[in-house]
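Me: Hi! I have a structure open here and would like to talk it through with you. Could we start with how its helices pack?

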Amino acid sequence: MGTVLEVTDYSLSFDTPEGEIQAVRNVGFALEEGEILAVVGESGCGKTVLCKSLLRLLPKNAVVKSGQVTLCGEDITAYSERRMRSLRGKQISMVFQDPMTTLNPTIPIGKQITEAILKHEKIGKQAAKAQALELLRRMEIDHPEERFEMQPHLLSGGMRQRCVLAIALASRPKVLVADEPTTALDVTVQTKILDLILSTCKESGIAVLFISHDLNVVARIADRVAVMYAGKIVEIGTAEEIFYDPRHPYTWGLLGAQPALAVQTKQLHSIPGIPPSLLNPPAGDLFAPRNEHALAIDYEEMPPLFQITPTHFAATWLLHPNAPSIEPPAFLKRGPRR
Amino acid sequence: MNEETLLEVRNVKQYFPISKRLTIRAVDDISFQIKRGEIFGLVGESGSGKSTVARSVMGLYRLTGGEIWFQGEKISDPKIYRKNRRYIQKNMQIIFQDSAAALNPRMTVRNSIAELLQACGLCPGRELDIRINELLRQVGLDESFRGKYPDEISGGQRQRVAIARAISTNPQLLVADEPAASLDVSIQAQILTLFQQLQREYGFAFLLISHDLSVIRLLSNTIAVMREGRLLELAETEELFEHPLHPYTKTLLSAVPAADPISERSRRVLEFDPACIPKSGTLQEVLPGHFVFG
């Protein structure tokens, strides 16, 4: 298994009339073939900006401040728009939250999928159509021949998202970026779409960068989880490490805020305050004002990523050898249920 | 209707004619009761008609059929509604999902809350601003928010203002339609905790509408499951979660994700066949206090 996507020390800012907004700050991670890495965080934490910048889909005032992006062994950070265009869809694809804004409402879905195939492969129209039908079948759409001629508004939300996935996977990309692909769907449909992403990507060895605000959704499909706060990855590890042995107080807060985990106690643990503005942020750990375990150093210096296991890292001064030992909150003490 | 019942919804139908041939039956003959001080959770997927129920209860539509009784008055009758309008407005309040649309963008936070208090004739003169400050404190804001406009504050803070306004008249019934759905998890937790606190303090009955079973389970005493305009199951919270009877409820429960990778990876969503729901029927009491559509 090789690394297909590697992001190192990546920072990105928006130049606005009010000043510089540091949307992504020193982010680094690697994605292996067939691996699903979930990026979780609240709105405004920079998760969508990070993904869009990988495909270079951001407006002109987005400036890369440092770092690089390596896709399939090639440094694409300085690629021209022309070269990026040849990568999009072919090597790296993206699925967005709302399928209705991704699909063209006036064109039958079959034609939209065929279009994606013809763009990247030199084959005839008939062969492309056959491939598109095969894709629809793989996306578990019943009666693909009839649906092929339908326009998006005739399909349900789940069905539309399946079509969007078909388009994204049409030219067998190495990396799929999925930005909240199930957020707009009902719970019963949500699980089906998740399973579809999981099975197709595992079968074809596609690496997935799965963006979500919902830790519950992530638990089902992620191999590894990265927790983002204020533009930084504050904790990254395997799903087991993040869910059963979280080390960053923000991760504790996110898990404690899940209604599903508060069933026994009937008591939610909310994180006080609101996320910080990334316009000229102050020095130190931006989570400190909301962190009940904040130390004096949190207000002065940004914590580095401390290593806990070979796969588990967290950026909190609590992991420093000289830090006072603080136990994670009691509500997180649960063994894995089997 | 006994003493304890605050709101009774009796065979309510709410149809929307789209064209000569097509009528949407958003709410199709549903009945339930909410007791004083009870938290009643109404859960359903999108398009199930749960928001229409909230709006019908609030008198925003003229009912196609059925009756709504509030404290022994048949408020679905326009004449009775008009006669008791002030009383109903004071005692039934609603909170919507989109707080940006619920607050007037040209009114300050103070004026938005003051308008309702004045309209209901509460807190005359100097008491008004004292009461507004008190309300802001109760929802976790402070006096500095008085002069702000809705677009100057965050979504969570706006929802707090909407909540402050809704509880300002000390209502008997609070209806909340997806009150935390558009908020981030950490803010959602703050708002839900606030509801728990306020409900304990004020003791209002609460009709909570949500698509999120975990949210409903956390807050409600009683839960009703809705699908395509009809109530399919109604029971006390723990009873419903421990012993769901209707196949649709079972499917819905099996679909709720939990932040627990090991159990999540093996979770299977039950299949649901809509054909198992009879075309017509009513809620039948199968066990004491546990109703199933059949």
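Reply: Happy to! One term first: a crossing is left-handed if the near helix is turned anticlockwise from the far one by less than a right angle, and right-handed if clockwise. Also keep in mind that this is a predicted model.

Me: Good. Which hand does the crossing of α7(A) and α8(A) have?
Reply: The crossing of those two helices, α7(A) and α8(A), is right-handed.

Me: And at what angle do the axes of α7 and α8 of chain A cross?
Reply: Helix α7 of chain A covers residues 157-169 and helix α8 of chain A covers residues 187-204; their axes cross at roughly 15 degrees and come within 10 Å. That angle makes α7(A) roughly parallel to α8(A), because angles under 35 degrees count that way.

Me: Which residues in α7(A) and α8(A) meet?
Reply: From α7(A) there are G157(A), G158(A), Q161(A), R162(A), L165(A) and L169(A). They meet V189(A), K192(A), I193(A), L196(A), I197(A) and T200(A) in α8(A). Sorted by class, this contact of α7(A) with α8(A) has six nonpolar, four polar and two charged residues.

Me: Over to chain B. How do α5 and α6 of chain B pack, angle-wise?
Reply: Helix α5 (residues 109-119) and helix α6 (residues 127-138) of chain B pack at an angle of about 120 degrees, and their axes are 10 Å apart. So α5(B) and α6(B) are oblique to each other. Their crossing is right-handed.

Me: What residues meet there, between α5(B) and α6(B)?
Reply: R110(B), I113(B), A114(B) and L117(B) come from α5(B), and they meet L128(B), R131(B), I132(B) and L135(B) from α6(B). The contact of α5(B) with α6(B) divides into six nonpolar, no polar and two charged residues.

Me: Those positions in a helix seem to recur at a regular spacing. Why do residues three or four places apart point the same way in an α-helix?
Reply: It comes from the helix itself: an α-helix has 3.6 residues a turn, so residues three or four places apart point the same way.

Me: Let's zoom out. How many helices and strands does chain B have?
Reply: Chain B comes to twelve helices and twelve strands. Its C-alpha atoms fill a box of roughly 60 × 55 × 40 Å along the principal axes.

Me: What is the radius of gyration of chain B, and what would a compact globule have?
Reply: Chain B has 20 Å, which agrees with the value near 19 Å that a compact globule of 294 residues would have. Of those 294 residues, 44% count as buried. As for contacts in chain B between residues at least 6 apart in sequence, 65% join residues at least 24 apart.

Me: Is α1 of chain B mostly covered or mostly open?
Reply: Helix α1 (residues 50-57) of chain B is mostly covered, with six of its eight residues buried. The buried residues of α1(B) are K50(B), T52(B), V53(B), A54(B), S56(B) and V57(B). Just after α1(B), G59(B) takes a positive phi of about 80 degrees.

Me: A glycine, fair enough. Which sign of phi do most other residues have?
Reply: Most residues other than glycine have a negative phi. Here, though, N11(B) has a positive phi of about 45 degrees and is not a glycine. N11(B) sits in strand β1 (residues 5-17) of chain B, and it counts as partly exposed, with 13 C-beta neighbours inside 10 Å. In chain A, E180(A) is not a glycine either and has a positive phi of about 50 degrees. E180(A) lies in the loop between β7 (175-179) and α8 of chain A, and with 18 C-beta neighbours inside 10 Å it is partly exposed.

Me: Last topic, the contact between the chains. How many residues does each of chain A and chain B give?
Reply: Chain B gives 30 residues and chain A gives 34 residues. On the side of chain B that touches chain A, α8 (185-202), α9 (213-219), α11 (247-254) and α12 (261-266) of chain B each supply at least two residues. The most comes from α8(B), with seven residues. By class, that side of chain B has 14 nonpolar, ten polar and six charged residues.

How values were computed. Residues are numbered from 1 along each chain as its sequence is written. Chains are lettered from A and ligands numbered from 1 in the order in which they are written. This is a predicted model: local features need pLDDT of at least 70, side-chain atom pairs count only at pLDDT 80 or more; totals for chains, interfaces and linings use all residues. Two residues are in contact if their C-beta atoms, placed from the backbone, lie within 7 Å. Helices (H or I, at least four residues) and strands (E, at least two) are DSSP runs, numbered from the N terminus. Ala, Val, Leu, Ile, Met, Phe, Trp, Tyr, Cys and Pro count as nonpolar, Asp, Glu, Lys and Arg as charged, and the others, Gly among them, as polar. Axes are lines fitted to C-alpha atoms, for helices over the stretch in contact, and angles run from 0 to 180 degrees between N-to-C directions. Angles under 35 degrees count as roughly parallel, over 145 as roughly antiparallel, 65 to 115 as roughly perpendicular and the rest as oblique. The radius of gyration is taken over C-alpha atoms; the globule rule is 2.2 Å times the number of residues to the power 0.38. A residue is buried if 20 or more other C-beta atoms lie within 10 Å of its own, exposed if 12 or fewer, and partly exposed in between; C-beta atoms are placed from the backbone.
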